[in-house]
Amino acid sequence: RSSAASDVYKRQEQERLAAEKAREERLQGLLDSMTLEEKVGQLFFVRCPETNAVEDISTYHLGGYLLFGRDYKDGDNWLTWEQFIQKIESYQDATAIPLFIGSDEEGGTVTRASRNPNLFSEPFKSPQKLNYIGGIEEILRDTDTRSRELRALGINVNFAPVCDVSTDPKDFIYDRTLGQDANMTADYVRLVVPAMTEGGTLPVLKHFPGYGNNADTHTGIALDQRPLELFWERDLLPFQAGIQMGAACVLVSHNVVNGLESGVPASLSPQAYRYLREEMGFSGVAITDDLVMGAIRDYCGGESAAPQALMAGADLLIVSDLPTDYAALRQ
């Protein structure tokens, strides 16, 4: 019996390795056949434009679209389920390489799809609210339902969970966090990452390496002068938990973390990506926060940050000014 079981295991392992090799060869063949323009376009996870969204997919060979509130509407009217599905299908039909379709569905103050009453009965609740209602069991129930419902709409990437640690309501990031200490936040992330993945939407751990009590990077540069040792004791624990559970994506913030690289936003810092890869063992997709945000505009003086982000180590770039960033990166 032992010998027979061993033979079955060996055969299964051989079949798995053969399938994996065939997949890698297929993907390498696809990559080898792509033009420079196609390779450049695949690096962009673009804020979905108000006009020419379908045309831009084929013009720029895009990697993905990130949806915001306006993308769930037609003017002032919320899209119906059928209209939204048709919209997403038109995006996917415009490319031979399937698109990432992403949305910020953290729950609470940051929700997009679930604000549309034609798609959901109510906006998703925040992790803090769910935790108050029923603890981790309620969070996991909601995560499973949320992930499956988003995937049914064609949304395959959810920019959540928020891994930032905050217990102070005065912090900018507090309302978007679990509101608990590092260990409890890590436990939360450790459980929701597989739940999201099994539900059909890829989780994105954010905002690496942790906001702490920093200012809002949407409006300007946020400087974090804490030593890196403090990050290990607090901020990095939830990210480590998510990475260990196989999270496919990590979003890198624009915070200037002097413990990683003095004066440089993390999203543009080679040391930040090196740390994420080598020290934390992350082998997935590193995504920048939107390169149009105030912290990056201030740092780059109005120049495109796309080339610097790619050279630093990012795999996907979130942008809102596609023509400028595409041209800069192609050059």
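A search of the whole structure, a predicted model, finds one cavity of 30 Å³ or more. The largest cavity holds about 120 Å³ of space. The largest pocket has a volume of about 470 Å³. The largest nonpolar core has 68 residues, and the structure holds zero disulfides.

**The cavity**

- The largest cavity is lined by 16 residues. Closest to its centre are Glu106, Thr143, Arg146, Tyr188 and Met196.
- Two elements each give two or more residues to this lining: helix 5 (127-152) and helix 6 (182-199).
- Helix 5 supplies the largest share of the cavity lining, at seven residues.
- By type, the cavity lining divides into eight nonpolar, three polar and five charged residues.

**The pocket**

- The lining of the largest pocket includes Arg23, Glu24, Arg26, Leu27, Gln28, Leu30, Leu31 and Met34.
- Gln42, Ile97 and Pro98 also line the largest pocket.
- By type, the pocket lining divides into six nonpolar, two polar and three charged residues.

**Nonpolar cores**

- In soluble globular proteins, nonpolar side chains tend to be buried together.
- Within the largest nonpolar core, Phe44 and Tyr65 have the most contacts.
- A second, separate core has eleven residues. Among them are Phe45, Phe159, Leu251 and Ile318.
- Leaving aside residues up to four places away in sequence, Tyr65 touches Phe45, Val46, Cys48, Pro49, Ala53, Asp56 and Ile57, among others.
- Tyr91, Phe100, Ile101 and Gly102 are also among the contacts of Tyr65, with the same sequence neighbours left out.
- Phe45 is thus a contact of Tyr65 and a member of the second core.

**Cysteines**

- A disulfide is a covalent bond between the sulfur atoms of two cysteines. The structure holds zero of them.
- Why is Cys48 not bonded to Cys249? The sulfur of Cys249 is the closest cysteine sulfur to that of Cys48, but it lies 19 Å away, too far for a bond. The cut-off for a disulfide is 2.5 Å between the sulfur atoms.
- Cys48 counts as buried because its relative accessibility is 0%.
- Cys249 is in no disulfide either. Its nearest cysteine sulfur belongs to Cys163, 12 Å away.
- Cys249 is buried, with a relative accessible area of 4%. The cut-off for buried is under 20%.

**Arg190**

- Arg190 sits in helix 6, one of the elements that give residues to the cavity lining.
- Is Arg190 buried, partly exposed or exposed? Arg190 is partly exposed, because its relative accessible area is 32%, which falls between the cut-offs of 20% and 50%.
- Arg190 touches Ala241 and Met245, not counting residues up to four places away in sequence.
- Arg190 and Pro238 are 48 residues apart in sequence. Their C-alpha atoms are 7.6 Å apart in space.

**Asp168**

- Where is Asp168 found? Asp168 is in the loop between strand 6 (157-158) and helix 6.
- Asp168 is partly exposed, with a relative accessible area of 27%.
- Asp168 and Gly179 are eleven residues apart along the chain. Their C-alpha atoms are separated by 7.6 Å.

Note on methods
Residues are numbered from 1 along each chain as its sequence is written. This is a predicted model: local features need pLDDT of at least 70, side-chain atom pairs count only at pLDDT 80 or more; totals for chains, interfaces and linings use all residues. Side-chain values use heavy atoms; hydrogens and water are left out. A nonpolar core is a set of buried Ala, Val, Leu, Ile, Met, Phe, Trp, Tyr and Cys residues joined through side-chain atoms within 4.5 Å. Buried means under 20% relative accessible area, exposed over 50%, partly exposed in between (1.4 Å probe, protein chains only). Contact means heavy atoms within 4.5 Å. On a 1 Å grid over the protein atoms alone, a cavity is a set of points where a 1.4 Å probe fits but cannot get out, and a pocket is an open set with protein on both sides within 12 Å along at least five of seven lines; lining residues have an atom within 4 Å of a point. Grid points are joined across faces, edges and corners, and a volume is the space filled by probe spheres set on the points. Helices (H or I, at least four residues) and strands (E, at least two) are DSSP runs, numbered from the N terminus. Ala, Val, Leu, Ile, Met, Phe, Trp, Tyr, Cys and Pro count as nonpolar, Asp, Glu, Lys and Arg as charged, and the others, Gly among them, as polar.
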